[in-house]
Amino acid sequence: LTRRVAALASFQPAPGVPNASLAEFCSFCLEVLWAFHFAEALLQRAVAAVARALDCAGMTLDAGAAAVDGSGSLPHDAQGGNVPRVVFDLPDRIVVHKMPGWQVDHSSVKSEGKPLSSLLRLLLPQHRQQMLADAHHQRGFLHRLDVPSSGLLLVA
């Protein structure tokens, strides 16, 4: 089993593999690592192999990710489509992929980037905007990323 896990280092998703299958593969990889750790048999080479496979699967998922809102699309920025997108949407929370140049929220400090909370106000239906109005709870943003950074943000 350890050899099979180590073979994941050369993982390359086949063209056209559905995103759901890649996500299931990623979940399986993490479950295998957890099982090895639980059995106190976790080897560093297995961790490295799974990390490479997850990186590859993640890059494939990122490359094929579509922007989603209620209409299925987001507006494009004049600088070549550098617009955040909603990547996961549930009734009580959303996951947003923040692009560089966007500020998570307005602040009393001079703004360095475009405010992400303002974009979300435009995209979310009125009944979902309550979290964006709550300044006491950081307008629903559970964590922050610097303006030059990109990555996933949880808003709830």
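Guide: Two residues are in contact when heavy atoms of theirs lie within 4.5 Å. With that cut-off, and leaving aside residues up to four places away in sequence, H97 touches P84, R85, V87, G151 and L152. The model is a predicted one.

Visitor: Where does H97 sit, and is H97 buried or exposed?

Guide: H97 belongs to strand 2. Burial is judged by relative accessible area, with under 20% counting as buried. H97 has 18% and therefore counts as buried.

Visitor: Before going further, how many helices and strands are there, and in what order do the elements run?

Guide: The protein has 5 helices and 5 strands. Read from the N terminus, the order is α-α-α-β-β-β-β-α-α-β. Of its 156 residues, 33% are buried. Among contacts with a separation of 6 or more, 50% join residues 24 or more positions apart. The exposed surface is about 9800 Å², and 59% of this comes from carbon and sulfur atoms.

Visitor: What pLDDT does the model have?

Guide: The general caution is that where pLDDT is low, the predicted coordinates should not be read in detail. Here the mean pLDDT is 75, and 83% of the residues reach 70 or more. Residues 66-80 have pLDDT below 50, although this stretch has 22 contacts in the model beyond near neighbours in sequence.

Visitor: Back to strand 2. Which residues does V95 touch?

Guide: V95 is also in strand 2. Beyond residues up to four places away in sequence, V95 touches R85, V86, V87, F88, L152, L153 and L154. V95 is buried, at 17% relative accessibility. Its C-alpha lies 6.2 Å from that of V155, a residue 60 positions away along the chain.

Visitor: F88 is in that list. Where is F88 found, and what is its relative accessible area?

Guide: F88 is in strand 1, residues 85-90. Its relative accessible area of 44% makes F88 partly exposed. Outside its close sequence neighbours, up to four places away, F88 touches R93, I94 and V95. F88 and L154 are 66 residues apart in sequence, with 9.4 Å between their C-alpha atoms.

Visitor: How should a nonpolar core be read, and which residues touch the most other members of the largest one?

Guide: In soluble globular proteins, nonpolar side chains tend to be buried together. In this structure the largest nonpolar core has 17 residues, and I94, V96, L116, L120, F141 and V155 touch the most other members. At least two residues each come from strand 2 (93-98), helix 4 (116-123), helix 5 (130-133) and strand 5 (151-155). Helix 4 gives the largest share, 4 residues. Apart from this core there is another, of 15 residues, including C29, A46, A53 and A57.

Visitor: What does L116 touch?

Guide: Not counting residues up to four places away in sequence, L116 touches P84, V96, K98, W102, Q103, V104, F141 and L153.

Visitor: Which residues of helix 4 are buried, and what covers them?

Guide: The buried residues of helix 4 are L116, S117, L119, L120 and L123. Viewed down the helix axis they fall within an arc of 160 degrees, so they line one face of helix 4. Their cover includes strand 1, strand 2, strand 3 (102-103), strand 4 (114-115), helix 5 and strand 5.

Visitor: How does the span of helix 2 compare with the expected one?

Guide: A helix is expected to advance 1.5 Å a residue. Helix 2, residues 19-38, has 20 residues and spans 29 Å from first to last C-alpha, close to the expected 28 Å.

Visitor: Which residues of helix 2 are buried, and which exposed residues does the face turned away from them carry?

Guide: L22, F25, C26, C29, V32, L33 and F36 are the buried residues of helix 2. Their arc around the axis is only 120 degrees, which means that they lie on the same side of helix 2. The face turned away from that buried side carries the exposed residues A20, E24, W34 and F38.

Visitor: What is the phi of E40, which follows helix 2?

Guide: E40 has a positive phi of about 55 degrees although E40 is not a glycine. E40 lies in the loop between helix 2 and helix 3 (44-64). With a relative accessible area of 77%, E40 is exposed.

Definitions and conventions
Residues numbered from 1 in each chain as written. Predicted model: local features only at pLDDT ≥ 70, side-chain atom pairs only at ≥ 80, totals over all residues. Heavy atoms only, no water. Core = buried A, V, L, I, M, F, W, Y, C linked by side-chain atoms within 4.5 Å. Buried < 20%, exposed > 50% of the residue type's maximum accessible area, 1.4 Å probe, protein only. Expected span 1.5 Å × (residues − 1). Arc of directions from axis to C-beta. Areas by Shrake-Rupley, 256 points an atom, 1.4 Å probe, with all protein chains shown as cover. pLDDT = per-residue confidence, 0-100.
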